[in-house]
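Colleague: Hi! Could you walk me through this model? I'm new to this, so plain words please.

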Amino acid sequence: MEGFKRDSIIFRILSEAISEGIIVVNKSQEIVATNNAANTLFGYEKGELIGSSLDTLIPVKYHHVHMHHVEAFLENSGKRKMGHGRDLYGLRKDGSQFPVEAGLNPFNIYDSTYVMALVIDISIRKKAEQEIIDLNADLEKKVEERTHQLKEALRKEKYLNELKTKFLSLVSHEFKTPLGGILTSSILIGKYPNTEQQEKRDKHIKTIQNKVKFLNNIINDFLSIERLESGNVNYKFTTFPLSKIINEVVYYANMLLKDGQKINYPENIDSIFLEFDEKILHLIITNLINNAIKYSSDNSTIDIEVLLDDKVLTIHIKDEGIGIPEQEQKHIFNRYFRAENALINQGTGIGLNIVKSHLENLGGTINFISEENVGSTFSIRVPISSN
Ligand code: ADP
């Protein structure tokens, strides 16, 4: 150390000219010289560090590791940057820490080995790096979100395309028979020109009306799916009497009745007012009553029952029809699903699926009990706001 001091003036002149901190240690890691920049960096007065161990400038938790590095370094002596690939920290006099990068330069002078460390404070660089890391993470998150949205949009579009294909094939199947019926009936009407043949004409007019209603229902169901899938359903809440909907639905359902079939109208519903989407309730009850008619035979009865408690309105639609085979009951609300015993009737397997989706969107529920060849009861529950 004495020897080192001999050239201290030259050292000082050179070292004060550069902005990096310079710390020179001897073999036992004792500090023998520092420049002003190093003192300022670590918060020491001029000369204060001389004679201290290098450990003074290193946070305690790195002491052990650091010792190893320096020893290894002195053995393979050569210029090298420290902190490459791992984080190095300096310890200020006031106890605070800051990230540093250190370049080590060993040299021999007067038969002793010294190491000169050039130290730079890299807080600002580290901060910038961290900002870039954060920005990247943010960007990655955004890309991920966007990718997810795009995938979702793609899935919907694919689904809607499938739906269109399905629609076309269903249309060709499901529309052919009723359209054929309509054509036949209208031809037959022309064959009854006489006044007293009104009864015959009426029969064919009824057939035409039925088939048109049937086709209309299929189209409504498809529109419903399209809206439900593309997220374009806008529910409109209004207050209306339940009897209005039941009357309308039953009025149209009466046109579809088979020979000897009858619908029992619910009792005491005149005072019930609902705050709900009127069109959707209409669609729901229409679907259930049309199924009850379609899946039961001549001379059977369909009961509509309405129950009301404080907040929930329950509507049961009960038929004496073909029922749903037990093993198929769990699939009944799946889109396009049709039970084996229903296939002789026309249908798309869409109605119940839509009914359920709408009800769930509106805070309601649907369930059923059914026994094959005995009958089915479908029950819907909807929240009501006023009575
Ligand atoms: P679709 O009647 O057009 O086939 P739905 O979605 O309305 O479609 O009904 C799905 C299936 O549920 C029907 O194909 C039938 O198997 C069964 N189903 C629905 N309602 C009844 C009912 N009242 N009686 C017996 N089976 C029914």
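Modeller: Happy to! One term to begin with: helices are DSSP runs of at least four residues, numbered from the N terminus. Also keep in mind that this is a predicted model.

Colleague: Got it. Which helix holds Glu360 and Lys356?

Modeller: That is helix H9, residues 351–361. Glu360 and Lys356 sit four residues apart there, so about one helical turn separates them. Their side chains meet in a salt bridge, with 3.1 Å from N to O.

Colleague: Why can side chains like that pair up?

Modeller: Side chains of opposite charge can pair when their charged atoms come close.

Colleague: Is Lys356 buried or partly exposed?

Modeller: Lys356 is partly exposed, with a relative accessible area of 25%. Glu360 is partly exposed as well, at 48% relative accessibility.

Colleague: Which residues are joined into one network by salt bridges that share partners?

Modeller: Glu101, Arg125, Lys126 and Glu129 make up that network. Within this group, Arg125 forms a salt bridge with Glu129, and their closest N and O atoms are 3.6 Å apart.

Colleague: Where do Arg125 and Glu129 sit?

Modeller: Both are in helix H5, which covers residues 123–189. They are four residues apart, so about one helical turn lies between them. Arg125 is partly exposed at 40% relative accessibility, and Glu129 is partly exposed at 34%.

Colleague: What about Arg155 and Glu152?

Modeller: Their side chains also meet in a salt bridge, at 3.2 Å from N to O. These two are three residues apart in helix H5, which again puts about one helical turn between them. Arg155 has a relative accessible area of 42%, so it counts as partly exposed. Glu152 is partly exposed too, at 31%.

Colleague: How many salt bridges does the structure hold?

Modeller: Eight.

Colleague: Let's zoom out. What domains is the protein divided into?

Modeller: Domain 1 runs over 2–121, and domain 2 over 234–383. Their C-alpha centres lie 86 Å apart.

Colleague: Now a single residue. Where is Ile284, and is it buried or exposed?

Modeller: Ile284 is in helix H8, residues 278–294. It counts as buried, because its relative accessibility is 0%, and the cut-off for buried is under 20%.

Colleague: Which residues does Ile284 touch?

Modeller: Leaving aside residues up to four places away in sequence, Ile284 touches Val355, Leu359 and Ile380. Here's a fun pair to look for: Ile284 and His358 are 74 residues apart in sequence, yet their C-alpha atoms are 8.3 Å apart in space.

Colleague: Nice. On to the ligand: which residues come nearest to the ligand?

Modeller: Out of 21 residues around the ligand, the nearest are Asn291, Tyr295, Arg338, Thr348 and Leu352.

Colleague: What polar atoms should I look for around the ligand?

Modeller: Start with Arg338, where a polar side-chain atom lies 2.6 Å from a ligand oxygen. Thr348 has a backbone N or O atom 2.7 Å from an oxygen atom of the ligand. Then there is Asp319: an N or O atom in its side chain is 2.8 Å from a nitrogen atom of the ligand.

Colleague: And how much of the ligand does the protein bury?

Modeller: The ligand exposes 530 Å² when taken alone, and the protein buries 98% of that. The elements giving two or more residues to the surrounding shell are H8, H9 and strand E13 (375–383).

Colleague: Which element gives the most to that shell?

Modeller: H8 does, with three residues.

Key: Residues are numbered from 1 along each chain as its sequence is written. This is a predicted model: local features need pLDDT of at least 70, side-chain atom pairs count only at pLDDT 80 or more; totals for chains, interfaces and linings use all residues. Side-chain values use heavy atoms; hydrogens and water are left out. A salt bridge is a side-chain nitrogen of Lys or Arg within 4 Å of a carboxyl oxygen of Asp or Glu. Buried means under 20% relative accessible area, exposed over 50%, partly exposed in between (1.4 Å probe, protein chains only). Domain bounds come from an automatic or database domain assignment. Contact means heavy atoms within 4.5 Å. A residue is near a molecule or strand if one of its heavy atoms lies within 4 Å of it. A polar contact is a pair of N or O atoms within 3.5 Å; within protein, one must be able to donate a hydrogen and the other to accept it, and residues adjacent in sequence count only if both atoms are side-chain atoms. Accessible areas come from the Shrake-Rupley method with a 1.4 Å probe; for residues, only the protein chains shown count as cover.
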